[in-house]
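Work through the exercises below with the model open beside you. Try each task before you read its solution.

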Amino acid sequence: MQLRKMMVMLAALSSMSLALTACGDDTTTVESCTSDTDCSSNFCNTAAGVCMDTCESGSDCADSEKNCAVLAGSSNTQKVCQCQTNQLCNSGDTTDLVCGTVSKRCEEPGSTPAGCTKDADCGAGNTCNTTTGVCSPAATTCTGEGKATCSYGSACYSGTCSAPPAPTCENYQNFGNKAALGTTGPIIFKVATGTATTDTAFCGNTSTKRVKITISAYADTAWPATSAGLNGFLYVLVNGTAQAPSISSSSGNYTVSGNRADIVANLCVLPSSNTASLGYYFTGGNFACHQANY
């Protein structure tokens with residue numbers, strides 16, 4: 001009978017969600033969750049899908065997770081016990097535990113999601129803190145232009161994070177490869193008309209007027225060293241046909257600063273032309289319409 005009771009007890013223990021040795025004889029039971037109500041502590045680290053132990057000071061925590069602080073990236077201001085180093089996670093009899101980048105719990109490697117390295121790793125409306133590897137809600141206000149502190153796919157316009165203008169031009173309406181668009185590729189946040197000059201050396205003797213158009217975009221991945229490496233950047237005509245834009249290799253026509261690139265594309269038009277409907281996009285990115293008046 002005693003043997004049977006022992007077997008039942010062992011089976012019950014093995015059914016617990018996750019049991020990790022914290023320090024010496026301390027055992028931290030890590031419950032899985034999707035919301036605070038799933039946790040006995042009423043605190044769910046939703047980014048990692050694990051419950052956290054709440055605390056008021058480090059003395060409330062196990063030795064391996066002694067950092068009592070507000071969880072980075074969480075909207076919940078309750079302090080929770082968090083690990084700090086792999087060494088502290090293995091200060092007892094264990095040797096193979098790690099301090100989870102996102103979970104902030106001592107865990108077996110790969111048992112919870114890895115930390116983010118870019119915004120595309122996060123859900124919609126979130127940005128990645130590349131220092132902590134934690135996704136958190138993006139700011140709704142911003143300064144400057146481009147991505148700023150906005151979520152990927154949005155941009156800073158007049159101090160507010162919002163999506164780039166939705167395309168409504170004929171170029172977009174007639175464009176047949178909309179499946180090539182998305183929100184994970186480079187995001188065009190501004191298109192501006194530059195100078196318009198007669199340039200037969202560049203444009204030839206018919207469409208002699210050269211119009212410069214500056215396309216500004218940001219990306220999560222590194223921009224190529226030269227404009228020649230801009231694979232997947234296309235100009236769309238009014239009839240929906242896509243072609244490579246004309247970009248001069250001379251200085252000043254391709255400028256990269258951090259995650260931003262400013263690209264000067266050229267149009268050669270008839271001398272009498274004073275307006276043109278333009279469309280630009282990067283594969284996997286948004287479609288930008290622009291009515292150029294010159």
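A disulfide is a pair of cysteine sulfur atoms within 2.5 Å. This is a predicted model, in which local features need pLDDT of at least 70 and side-chain atom pairs count only at pLDDT 80 or more, while totals for chains, interfaces and linings use all residues. Residues are numbered from 1 along each chain as its sequence is written, and side-chain values use heavy atoms, with hydrogens and water left out.

**Exercise 1. Find the part of the model with pLDDT under 50.**

Step 1. Start with the term: pLDDT is the predictor's confidence in each residue, from 0 to 100.
Step 2. Take the whole protein. Its mean pLDDT is 87. A value of 70 or more is reached by 88% of the residues.
Step 3. Go to residues 1–27. There pLDDT stays under 50. The model has 34 contacts beyond four places in sequence for this stretch; contact means heavy atoms within 4.5 Å.

**Exercise 2. Trace three disulfides and give the handedness of each.**

Step 1. Search the whole structure: 10 disulfides are found. Each such link is a covalent bond between the sulfur atoms of two cysteines.
Step 2. Take Cys55 and Cys68, joined with an S to S distance of 2.1 Å. The angle about the S-S bond is 110°, and the link is right-handed. Cys55 lies in the loop between β4 (50–51) and β5 (67–70), Cys68 in strand β5, 13 residues apart. Strands are DSSP runs (E, at least two residues), numbered from the N terminus.
Step 3. Check burial. Buried means under 20% relative accessible area, exposed over 50%, partly exposed in between (1.4 Å probe, protein chains only). Cys55 has 4%, so it is buried. Cys68 has 16% and also counts as buried.
Step 4. Take Cys33 and Cys44, again a disulfide. Its 90° about the S-S bond makes a right-handed link. Both cysteines, Cys33 and Cys44, are buried.
Step 5. Take Cys61 and Cys81, with S to S 2.1 Å. Here the angle is -80°, and the link is left-handed. Cys61 sits in the loop between β4 and β5, Cys81 in strand β6 (residues 79–82), 20 residues apart.

**Exercise 3. Work out the strand order of the sheet that holds β14, and explain why β14 is largely enclosed.**

Step 1. Pair the strands. Two strands pair if DSSP finds at least two bridges between them. β13 (residues 187–198) and β14 are antiparallel over nine bridges. Ala196 faces Val211 of β14 as its opposite residue.
Step 2. Move on to β18 (residues 260–269). It pairs with β14 in the antiparallel sense over 10 bridges. Ile213 stands opposite Ala265 in β18.
Step 3. Write the order: β13-β14-β18-β17, an open sheet of four strands with antiparallel pairing.
Step 4. Look at the edges. β13 and β17 (254–257) each have a single partner strand, so one side of each is left without a neighbour in the sheet.
Step 5. Count buried residues in β14 (residues 209–218). Eight of the 10 are buried, so the strand is largely enclosed by the rest of the structure.

**Exercise 4. Identify the residues with the most contacts inside the largest nonpolar core.**

Step 1. Define the set. A nonpolar core is made of buried Ala, Val, Leu, Ile, Met, Phe, Trp, Tyr and Cys residues joined through side-chain atoms within 4.5 Å.
Step 2. Read off the largest core. It has 28 residues, and those with the most contacts inside it are Ile188, Ile213, Ile215, Trp223, Leu278, Tyr280 and Phe282.
Step 3. Find its sources. Elements giving two or more residues include β13, β14 and β18.
Step 4. Separate the other core. It lies apart and has eight residues, among them Val50, Met52, Leu71 and Val102.
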